[in-house]
Amino acid sequence: GGPPGPAAAQKPSPNLFQLPEGARKSLDDFVIKRAKDVRGVMNAIDDNVNDPWDIEDVWLIVAWHFAISKGRRKVYDYLKERDPENTVEWERSFWNWLGGPMKVIGGLWIGMYLWDNGCRVGELLEMSPFLPTTIMEQFDRGMYTLAGGIIATMATDNYLPEILTDRLGIKDSSTKLVLTRLAVVTGALCTAISSALVFGLPPKSLLGFGGIGGLTFGLAAKDLVSNFIGGSMLAIMRPFSPGEKIYLMAVGGRFRGTNEPSVGGYLVKEIGWYQTTLIPKDTRPTTVPNGFFLGANVINISRQTARIIVANIRVRLDDAPMIPKMTEEITQYLADHPSIINPPQRPIRVHCRDIKDDHLAIRVETHCSVVKKDPFLQVQQELLLGMFDICKKNSTGPAWTVLNTVGEDNRPWLPEGKSAR
C-alpha cells in the first residue's frame with residue numbers, strides 16, 4: 001500500500017461551530033460555579049429536611065393549625081377590604097384552596113414530629129430498629145417528597161384547566177377534564193414511585209408490589225374502579241358536559257328518574273372522579289355513581305337541534321267534508337311560520353289519521369327550530385292557537401265526547417230513526 005492521501009490524513013470535526021479557548025473556559029467556569037451554588041442550596045435544604053424535631057417544637061404545629069383554621073380567612077377578608085373591586089367569593093378564592101396544601105404540610109409536620117421524638121425515645125430505651133436501616137435514614141426525605149408530590153398534584157387539578165383555557169385556548173370543558181385527569185393521574189403515579197424510591201425500596205420490589213397490589217386492589221375495590229373508569233369514559237366520550245341537561249330513567253329506586261314531575265330534565269352540575277352531581281327541577285342535588293353511565297341510556301336534550309310539536313285535533317263527524325281544506329290551511333300556516341323547519345330538512349305532516357265513534361282525528365307533526373324551553377313554549381302556544389283558529393273557522397263546533405248506550409248508533413249520516421242493523 002502507498003502513503004495515505006490528504007483526505008485520509010484529516011479527520012472531519014463533528015463540531016460545526018467552535019468557541020475560542022478563552023470563551024470556552026469562561027463558560028465552563030460559569031456553569032461549574034452555578035452548579036456548586038445549586039448543590040449548596042440543595043445541601044442546605046437537605047440539612048433542614050433532616051433536622052430532627054424536638055419536643056418544644058410543638059408550638060410550630062399549633063401555630064400552623066391556627067393559620068389553617070383562622071389565618072387564611074383573616075387574610076382573605078383583609079385583602080378584600082383593601083381591594084373592593086375583588087369579587088372572587090371565598091369558595092373560589094386562592095386562600096380557600098390553600099387550605100388543602102396547608103393541611104398536607106400540617107400532616108407532614110405532625111408525622112415528622114411523632115417520628116423523630118418516637119425514635120429518640122426508642123434510642124433512650126435501647127430498642128432495636130423495627131424498619132430497615134435504609135428506610136430509617138431516608139424517612140425524612142421520603143416524607144417530604146411524598147408531601148411535595150401531593151401538593152403538586154393538587155395544584156395541577158385546580159389550576160391546569162385555567163391554564164389550558166388562558167394559554168392554549170382550549171374552551172371545551174370535556175377536553176380540559178380529560179387532560180387534567182391524565183395529568184393528575186400521572187402526577188400521582190410519579191409521586192408514589194419517587195417517594196418509594198427515596199424511602200429506599202428496591203425498584204424490583206416496587207414493581208412486584210405494584211403488580212400484586214394492583215390486582216388485589218382491583219378485586220377489593222371493584223365498584224370504585226368501575227366508577228373511576230366510568231368517569232374517565234364520560235370525559236373521553238362526552239355524552240354530556242357540565243351545564244347541559246339530560247333525561248335519565250331511575251333503576252331499582254337508586255335515584256329519582258326524569259319521569260317524576262318534580263324532577264324533569266337533570267342539569268349536569270359536575271362530573272367528578274367517582275360520581276356525577278345532577279340538579280333536578282326541584283333543585284335537590286342527586287349524585288349518580290359514574291359506573292352507572294357505562295350501561296345506561298342517557299338522552300342529552302341540550303344537544304338537540306330541533307323540538308317536535310305533535311297535536312291531535314278532534315273534528316266533528318258532520319265536518320268531515322271540511323277536513324281537506326282544514327289540513328291544507330294548517331300545512332300552509334306551519335310552512336309560512338319562521339320557526340318551523342320546512343321539508344326536506346324536516347317533514348310537516350297534517351292528516352286525518354283515524355275515525356272514532358264520536359269524532360275524526362287529525363294529527364299534526366312538525367319540527368320547531370327553537371330549542372330553548374321557554375322561547376319554545378311561547379312559539380308552541382302561538383302555533384297551537386293559530387291552528388285552533390283555522391279549525392274553528394272551518395268547523396261547525398267542537399267535537400264533544402258522545403256517550404253511547406248499548407245498541408245505539410249515533411252516526412250522523414244515517415237517516416233519522418234508522419240503525420246500522
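User: In this predicted model, is Thr283 buried or exposed?

Analyst: A residue is called exposed when its relative accessible area is over 50%. Thr283 has a relative accessible area of 57%, and therefore counts as exposed. Thr283 is located in the loop between β3 (275-279) and β4 (286-289).

User: What is notable about the backbone of Thr283?

Analyst: Most residues other than glycine have a negative phi. Thr283 is not a glycine, yet its phi is positive, at about 65°. The residue belongs to the hairpin of β3 and β4, which has six residues between the strands.

User: Which other residue has a positive phi although it is not a glycine?

Analyst: Arg238 has a positive phi of about 55°. Arg238 sits in the loop between α9 (222-237) and β1 (245-247). Its relative accessibility is 32%, so Arg238 is classed as partly exposed.

User: How should peptide bonds be read, and where is a cis bond found?

Analyst: Most peptide bonds are trans. Here, the bond from Pro343 to Pro344 is cis, with omega near 10°. Pro344 falls in the loop between α10 (323-336) and β7.

User: Strand β7 has now been mentioned; what can be said of Ile355 in that strand?

Analyst: Strand β7 covers residues 349-355, and Ile355 is part of it. Ile355 counts as exposed because its relative accessibility is 60%. Ile355 and Arg314 are 41 residues apart along the chain, and their C-alpha atoms are separated by 9.9 Å.

User: How is a sheet read, and in what order do the five strands lie?

Analyst: Strands of a sheet pair through backbone hydrogen bonds, either parallel or antiparallel. In this model, five strands form an open sheet with antiparallel pairing, in the order β4-β3-β2-β1-β5. Strands β4 and β5 (299-300) are at the edges, each pairing on one side only.

User: How many bridges join β3 to β2, and how many join β3 to β4?

Analyst: Strand β2 (residues 266-271) pairs with β3 over four bridges, in the antiparallel sense. One residue pair to locate is Leu267 with its bridge partner in β3, Ile279. The pairing of β3 and β4 is likewise antiparallel and has four bridges. There, Gln275 has Pro289 of β4 as its bridge partner.

User: Which side chains of β4 point to the buried face?

Analyst: The side chains alternate along β4. Thr286 and Val288 point to one face and are buried, whereas Thr287 and Pro289 point to the other and are not buried.

User: How is a nonpolar core read, and which residues of the largest one touch the most other members?

Analyst: In soluble globular proteins, nonpolar side chains tend to be buried together. The largest nonpolar core here has 22 residues, and those touching the most other members are Ile313, Val315, Ile330, Leu334, Val350, Ile362 and Val364. Two or more residues come from each of β6 (307-315), α10, β8 (360-368) and α11 (373-393). Of these elements, α11 gives the most, with six residues.

User: Which residues does Ile330 touch?

Analyst: Leaving aside residues up to four places away in sequence, Ile330 touches Ile313, Val350, Val364, Met387, Ile390 and Cys391. A second core of 14 residues is separate, and includes Ile246, Phe255, Phe293 and Ala296.

Notes:
Residues numbered from 1 in each chain as written. Predicted model: local features only at pLDDT ≥ 70, side-chain atom pairs only at ≥ 80, totals over all residues. Heavy atoms only, no water. Buried < 20%, exposed > 50% of the residue type's maximum accessible area, 1.4 Å probe, protein only. Pairing = 2+ DSSP bridges. Core = buried A, V, L, I, M, F, W, Y, C linked by side-chain atoms within 4.5 Å. Contact = heavy atoms within 4.5 Å.
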